[in-house]
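Here is a short walk through one protein chain, written for someone meeting it for the first time. Have a look at the structure, then read on.

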Amino acid sequence: MNDASPAGATDDIQRIVESARRLGVELDEEATTQWLAAIAAAQADDDVVLVDAESGTFGHKVSMLDFSPRDLERFRRIGAIVEVTGPEGVAESALALSGSAAQSKIQSFPGDCDYFQRLNIIAPTRDEACGILARLMREKVLATLSGDTYQFLEAKLGTYEFDCTAHGWSNHAGSPITWTAADIEAGRLEVEKADGSTAILLWDEVARDPGWCKLDWVVTDPARKQLSNASNVIDVTWEGPDGEIVPLDGYLDAYFQEVYLDADSVPVFAKVAKFVSDDALDEYVEKLEGEVRKYLTKHLNYGKAAKRMYNVFRLSGRHVDAAFVRELFDEPATILYQVWSLIVTLQNATQPGSGIPIDAVQAQADELILSVTRALEGDEETEIVAALLTLRRTLDGQEAGQERTDAVEAAQARVVNLINTFFRDRLVAVPTIKEYIDGMQAGYTAD
């Protein structure tokens, strides 16, 4: 649904309001009209980046419309844990929020704390830049392995050149290499090839072709008794002596969904952003639509699909459709998306050797149960609460093993079924969105 004349847009808004009312979705017509006007103005402005002097944040103007600074200090505290830094004149950084954390104005119940970092390494050669990256990532991991408020989980660095098995998991050639804390400490990872032979992957060697770089922790906020998975996707660039900036993974990411946490990093961002492709917006939307298709077909999850559809709609001119999806994220039942995410966080926080106090994990489990009872009623509430109580009983110690894994999977399965029903029923009730979904699902057949 592309925005048309003012009169046409008013008619479209009225139809969306009526659809929302029919579905029991609270949609403020005046606020929606204001948002539509703001997003149209932002996209018409040649100056696409906005700096908020009061909060000290900045980002793409469309992204900034959805960001609230109310939890900014918390995000900055966690950011200090996840950000990879290095010596001045060697490593430059601009750290941002991404995902639901960057849309805190509209997503009342965000899932994980997702960060995105632009790490620009200044070095004489590409090989030296890769070596610096390997060292800085390793130093960050070893400095933040475990504490009262965080527990390191895993890293992604390098790409498998062959099919193999590592830590009991099958990996295909071309997929990112996952490293545990022990692997990183040792600087090596032993894998089994398809023919049964053993291969040794070295941290420093795979960094020469770093691929997708990512670090994961579970973190806790003692004051709120809240756990979160915190991830940092690192877009690493090399700046050579000639001033050219080259992405080490071959692709320089766009900046259409990030909210940067420190205005002092504007110069780093601006220097790197000059090298972003002129076709970056089209490429970004195309990538998002690939994820939408995945979550509407092969890995069915209408909640994840809705989050990505919102970004597709707001960046491709379907603003009225975006306004409707935007309102869904504020509905009480959407807390189930957060519950779904936090169930695995509970398991991550209780892995062997975790430094996070078990009472913090138990408190989070109790809060999840209360959240479900506030949002649901009837058989749905009973079913999910029962699953969460089973999971809660495994948290009396930190060595529950398979019992807890089974409880996590059972609870998640129940929650994701309700997430799918909630989002599917509301999305397909809007004709233009249903047409979009039907197009995404057309031609798909399960393997």
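A word on burial first: a residue is called buried when its relative accessible area is under 20%, exposed when it is over 50%, and partly exposed in between, using a 1.4 Å probe and counting protein chains only. By that yardstick, E239 is buried, at 12% relative accessibility.

Before going further, keep in mind that this is a predicted model, in which local features need pLDDT of at least 70, side-chain atom pairs count only at pLDDT 80 or more, and totals for chains, interfaces and linings use all residues. Residues are numbered from 1 along each chain as its sequence is written, and side-chain values use heavy atoms, with hydrogens and water left out.

**The whole chain**

The chain contains 16 helices and 15 strands; both are DSSP runs numbered from the N terminus, helices being H or I with at least four residues and strands being E with at least two. Its radius of gyration is 22 Å, close to the 22 Å that the globule rule gives for 447 residues, so the chain is as compact as a globular protein of that length. That radius is taken over C-alpha atoms, and the rule itself is 2.2 Å times the number of residues to the power 0.38. Along its principal axes, the C-alpha trace spans about 60 × 55 × 45 Å.

How much of the chain is buried? Of its 447 residues, 53% count as buried. As for contacts (heavy atoms within 4.5 Å), take those between residues at least 6 apart in sequence: 68% of them join residues at least 24 apart. The accessible surface comes to about 19,900 Å², and 49% of it belongs to carbon and sulfur atoms. Such areas come from the Shrake-Rupley method with a 1.4 Å probe, and for residues only the protein chains shown count as cover.

**Charges and salt bridges**

On the charge side, there are 41 positive and 75 negative side chains, and the centres of the two sets lie 3 Å apart. Lys and Arg count as positive and Asp and Glu as negative, while His and the chain ends are not counted. Each charge is placed at NZ of Lys, CZ of Arg, CG of Asp or CD of Glu.

Side chains of opposite charge can pair when their charged atoms come close. The structure holds 19 salt bridges, a salt bridge being a side-chain nitrogen of Lys or Arg within 4 Å of a carboxyl oxygen of Asp or Glu. Three of these pairs are set out here, with the N to O distance for each.

| Positive partner | Negative partner | N to O distance |
|---|---|---|
| K156 | E154 | 2.9 Å |
| K271 | E239 | 2.9 Å |
| R308 | E291 | 2.7 Å |

The K271 and E239 pair links distant parts of the chain: K271 sits in helix 8 (residues 266–273) and E239 in strand 13 (residues 226–239), 32 residues apart. K271 is partly exposed at 24% relative accessible area, whereas E239, as noted above, is buried at 12%.

In the next pair, R308 belongs to helix 10 (residues 302–315) and E291 to helix 9 (residues 280–296), so the bridge ties together parts that are 17 residues apart in sequence. R308 is buried at 19%, while E291 is partly exposed at 25%. Elsewhere, D66, R314 and R326 are joined into one network by salt bridges that share partners.

Back to the remaining pair: K156 is buried, with a relative accessible area of 12%, and E154 is partly exposed at 27%.

**Three residues to look up**

Start with M309, which is in helix 10 and is buried at 0% relative accessible area. Which residues does M309 contact beyond its neighbours within four places in sequence? They are V292, L427, I433, Y436 and I437. M309 and L288 are 21 residues apart in sequence, with their C-alpha atoms 7.8 Å apart.

Next comes V62, found in helix 3 (residues 61–64) and buried at 1%. Residues up to four places away in sequence aside, V62 touches I39, A42, Q43, R314 and L315. R314 also appears in the salt-bridge network with D66 and R326. From V62 to W203, 141 residues apart along the chain, the C-alpha separation is 38 Å.

Finally, A407 is in helix 15 (residues 402–427) and counts as buried at 7% relative accessibility. Setting aside residues up to four places away in sequence, A407 touches T390, L391 and T394. The C-alpha atoms of A407 and K140, 267 residues apart along the chain, are separated by 33 Å.
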